[in-house]
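Hi everyone, thanks for making the time. I'd like to walk you through a two-chain model, so please have a look at it before I start talking.

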Amino acid sequence: MTSASSIKDRTGDWIALLGNPNSGKTALFNLLTGLNQKVSNYPGITVERKMGRAVLSDQCQVEVLDLPGTYSLAPESFDERIVSEEILSWLHGPSPPRVIVSVVDASNLERNLYLTSQLLDLNIPVVVALTMMDLVKQNDHTIPPEKLCEELGAAEVLHMSARENWGVKELKEAIARVINEPVNGKPDLPFALSGPVRSSLVHLMEFFKKEFGYGSRLSWAQALRIITRDSVLDGFLQAQLDGQKPGDEQIRDLQKLRDASISELKSQGHNPKTLEAHLRYRWLDGVLNRSGKPKKQTVDRSTTSEKADQILTHPFLGPVIFIGLLTLMFQSIFTWATAPMDWITQGFAILGEWVLVSLPAGMLRDLTVEGIIGGVGAILIFLPQIMILVFFMTLLEDSGYMARVAFMLDRLMTKMGLHGRSVLPMMTGYACAIPGVMAARTIDSWKERLVTILVLPLMSCSARLPVYALMIGTFIPRKKVLGLFDAQGLTLVMMYLLGTVTALVLSKVFSHFIHQKGQSSFIMEMPPYRLPLARSVLRQVSLRSKLFVINAGKIIMAISIVLWFLASYPKLEKTNEDINPIHHSYAGKIGHAIEPFIKPLGFDWKMGIGLITSFAAREVMVSTLATIYNVEAGGKDIVHLKEALLKDKNPQTGMLLYSPLVALSLMVFFVYAAQCMATFAIVRNETNSWKWPFVMIVYMTALAYISSLCVYQGGRLLGFG
Amino acid sequence: MTIASLEAGEIATVEGYLNEQASQSRLVEMGLLPGTPVRMIKKIPLNGPVEIKVRNFYLSLRRKDARNILIKK
């Protein structure tokens with residue numbers, strides 16, 4: 001549990017942002033703090049707590065907390081639980097926020113204000129920020145903020161647009177005002193409870209008042225909420241686990257009182273599950289009427305997004321368009337990246353030459369040319385491809401299209417033991433499994449969330465891309481297939497498809513062995529389509545590129561250096577003409593030792609070393625091969641890795657060492673193999689057990705070995721390679 | 001009649017819920033209360049989820065949850 005832990009170290013004034021999913025909390029957080037957290041157009045992008053610092057005025061600085069979105073303080077999924085547990089920790093802990101900023105999507109007032117009405121009960125001043133006013137102004141139905149503020153009983157209500165960047169200054173001033181002179185809400189619930197309902201809940205209410213010291217309004221609100229579902233009660237249990245109130249005795253009492261209230265309400269003909277929502281919506285309808293919201297119905301009006309969806313989520317055209325977009329994306333990775341990749345290759349070649357000329361011959365020069373420039377350069381070539389991948393993924397999310405994909409695929413996904421909401425995490429897995437595993441928090445059912453996590457590393461991440469790209473670029477000819485597709489791009493699509501299809505099939509298998517806990521539903525808002533903001537897309541692309549380059553700079557450089565030593569030492573006293581000294585180096589010995597195990601897959605000792613080093617990060621395979629070939633060549637020139645692979649011969653037989661079949665076998669191995677230790681650490685965190693990472697490592701390793709074996713041996717039987 | 005029996009484009013008013021399902025709490029919190037008008041937007045074939053418009057936003061829900069929401073036209 002990461003949620004409520006860092007409460008204690010929070011000092012000074014701080015404020016919290018709360019709101020519905022996709023209401024623009026994180027966009028506002030970025031504007032307030034100047035930070036660069038990911039913003040998109042999909043309900044549930046933020047799945048964890050984030051802190052930043054905002055300067056409200058010359059005298060006033062505050063910490064700002066951004067939280068996942070939620071529709072209610074009664075949670076349904078893990079990301080929503082983070083919010084409700086956080087709020088319990090404010091109520092039971094020493095330092096609640098000075099102000100809650102309730103972020104409200106102004107184009108959906110009723111549903112958004114539902115959460116606001118719950119926040120108003122917490123006895124913490126609430127500033128309501130009506131965001132997305134740019135959308136509302138187009139449809140022109142604005143209501144005066146002063147009136148709404150008075151009717152709600154909030155501290156302040158303000159209009160703003162994070163997208164058009166206006167209203168932020170006023171919001172900062174309002175927050176500073178409220179911090180200096182707190183405006184407390186009304187002491188009682190704004191809506192009346194009928195006599196019988198009151199008497200059914202009064203014991204619960206008194207419990208909260210007496211045992212937890214809540215005020216009257218909050219006690220009634222908690223009483224109303226705890227009867228809606230078990231997850232609210234579970235929140236109190238979790239708070240106990242985190243070392244806060246309540247104690248064992250109190251939990252037992254709470255459970256007893258809750259059961260009594262529920263059965264009493266049921267006997268009166270009330271539905272405890274929906275009572276709170278009925279009361280709040282009835283009150284909100286009144287609030288909005290009195291604030292001057294036009295009373296006309298809007299369900300019959302169709303928006304531009306709805307019209308676009310007649311084609312984009314059409315039963316037949318929709319899936320065709322989706323597959324078309326994916327194919328375009330993977331094809332472009334090859335076709336668009338060719339030129340920039342050549343520039344980078346040439347750049348490193350020039351750098352290598354320059355070092356060769358300017359440094360005196362010796363160990364330092366060899367290390368720089370063979371180890372660092374050879375190894376790191378071989379990886380950085382793939383930066384353009386990763387940028388293109390992230391660019392497309394960001395467009396799909398920011399436009400609002402991903403929510404539609406989840407909608408179209410929910411049926412297929414549930415058939416496979418997954419969930420419509422598994423689509424985004426799995427597509428994120430094409431970039432990196434780690435944010436994908438975290439994004440699975442929005443799946444409300446534990447079983448489907450777990451299955452999503454288990455198969456997610458089979459989605460080919462961008463760290464595999466350099467390996468695929470090297471093998472495809474070297475061994476697959478550039479020619480047109482069926483007059484339309486490029487053979488290289490198509491092979492890449494096949495690799496992604498192999499991983500994806502296997503993930504779906506295995507989901508089905510896993511879901512037979514994992515038991516369902518709780519319910520599963522797909523209640524998801526379809527956000528309006530929006531033109532992706534250039535700054536948001538560029539931010540994502542540069543963020544991913546930076547991670548990739550930093551990785552290349554740190555991990556890959558370190559491994560390249562270590563590997564260079566292992567491959568260069570011990571130096572032989574007398575060089576045998578026939579055998580390259582690298583065979584007798586430490587790396588050579590290690591590689592030759594494992595060669596018997598991987599020979600049936602078509603791999604030689606060089607690839608064997610790569611398989612070991614790629615445990616640090618998959619792309620290290622490429623830099624490893626580059627370093628080895630550079631050492632083997634003896635540092636006279638920078639080795640062109642593709643040419644080296646094509647020309648490499650078996651020293652005994654004199655036959656070419658690698659073939660398209662070996663390349664295919666290696667790629668299939670990389671589709672399946674469990675290589676990224678960081679992923680398993682995250683899975684341990686998200687599932688709270690080592691069992692699941694262990695299961696993943698076992699099944700993935702077995703799958704990788706057996707599939708590669710079948711590809712290579714089968715291919716040989718058929719006469720390839 | 002339930003929401004699932006609406007054809008695309010048809011408008012109806014929510015009357016209540018057929019029986020108590022776990023999804024009910026969230027649906028009412030999102031504003032699907034008795035008296036609320038809804039319009040059917042789309043039904044994904046082969047018993048897939050449906051998309052409806054309610055209170056100025058578009059919402060998708062599974063067929064089994066749609067079958068649990070009673071309506072009158």
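**A walk through chains B and A**

Let's begin with the surface of chain B: its accessible area is about 2,500 Å², and carbon and sulfur atoms hold 55% of that. These areas come from the Shrake-Rupley method with a 1.4 Å probe, and for residues only the protein chains shown count as cover.

A word on ground rules. This is a predicted model, where local features need pLDDT of at least 70 and side-chain atom pairs count only at pLDDT 80 or more, while totals for chains, interfaces and linings use all residues. Residues are numbered from 1 along each chain as its sequence is written, chains are lettered from A and ligands numbered from 1 in the order in which they are written, and side-chain values use heavy atoms, with hydrogens and water left out.

How confident is the predictor? pLDDT is its confidence in each residue, from 0 to 100. Chain B has a mean of 93, with 100% of its residues at 70 or more. Among the elements of chain B, strand 3 has the highest mean, 96, and helix 1 (residues 23-29) the lowest, 92. For chain A the mean is 88, and 95% of the residues reach 70 or more. Please be careful with residues 1-10 of chain A, where the pLDDT is below 50; that stretch still has 25 contacts in the model beyond near neighbours in sequence. By contact I mean heavy atoms within 4.5 Å.

Now, how is chain B built? There are two helices and five strands, and they run β-α-β-β-β-α-β along the sequence. Chain B has a radius of gyration of 11 Å, close to the 11 Å that the globule rule gives for 73 residues, so it is as compact as a globular protein of that length. Helices here are DSSP runs of H or I with at least four residues, strands are runs of E with at least two, and both are numbered from the N terminus. The radius is taken over C-alpha atoms, and the globule rule is 2.2 Å times the number of residues to the power 0.38.

The C-alpha atoms of chain B fit a box of roughly 25 × 20 × 20 Å along the principal axes. Of its 73 residues, 64% are buried; buried means under 20% relative accessible area, exposed over 50%, and partly exposed in between, using a 1.4 Å probe and protein chains only. Chain B also carries 12 positive and 7 negative side chains, with the centres of the two sets 5 Å apart. In that count Lys and Arg are positive and Asp and Glu negative, leaving out His and the chain ends; each charge is placed at NZ of Lys, CZ of Arg, CG of Asp or CD of Glu.

Which residues does Leu33(B) touch? Leaving aside neighbours within four places in sequence, Leu33(B) contacts Ala277(A), His278(A) and Tyr281(A), along with Val14(B), Val28(B) and Arg55(B). Leu33(B) sits in the loop between helix 1 and strand 2 of chain B, and it counts as buried because its relative accessibility is 6%.

Next, some backbone geometry. Most residues other than glycine have a negative phi, and most peptide bonds are trans. Asn47(B) has a positive phi, near 65°, and lies in the loop between strand 2 (37-43) and strand 3 (50-54) of chain B. Asn47(B) is partly exposed, at 40% relative accessibility. Asn56(B) also has a positive phi, of about 65°; its place is the loop between strand 3 and strand 4 (57-61) of chain B, and it is partly exposed at 24%. Over in chain A, the peptide bond from Tyr569(A) to Pro570(A) is cis, with omega near -10°. Pro570(A) belongs to the loop between helix 23 (534-568) and helix 24 (586-598) of chain A.

Finally, chain A as a whole. It has 30 helices and nine strands, and its C-alpha atoms fill a box of roughly 100 × 55 × 50 Å along the principal axes. The radius of gyration of chain A is 30 Å, in agreement with the value near 27 Å for a compact globule of 721 residues. Buried residues make up 59% of chain A. Its accessible surface is about 29,500 Å², with 62% from carbon and sulfur atoms.

Terms used. pLDDT = per-residue confidence, 0-100.
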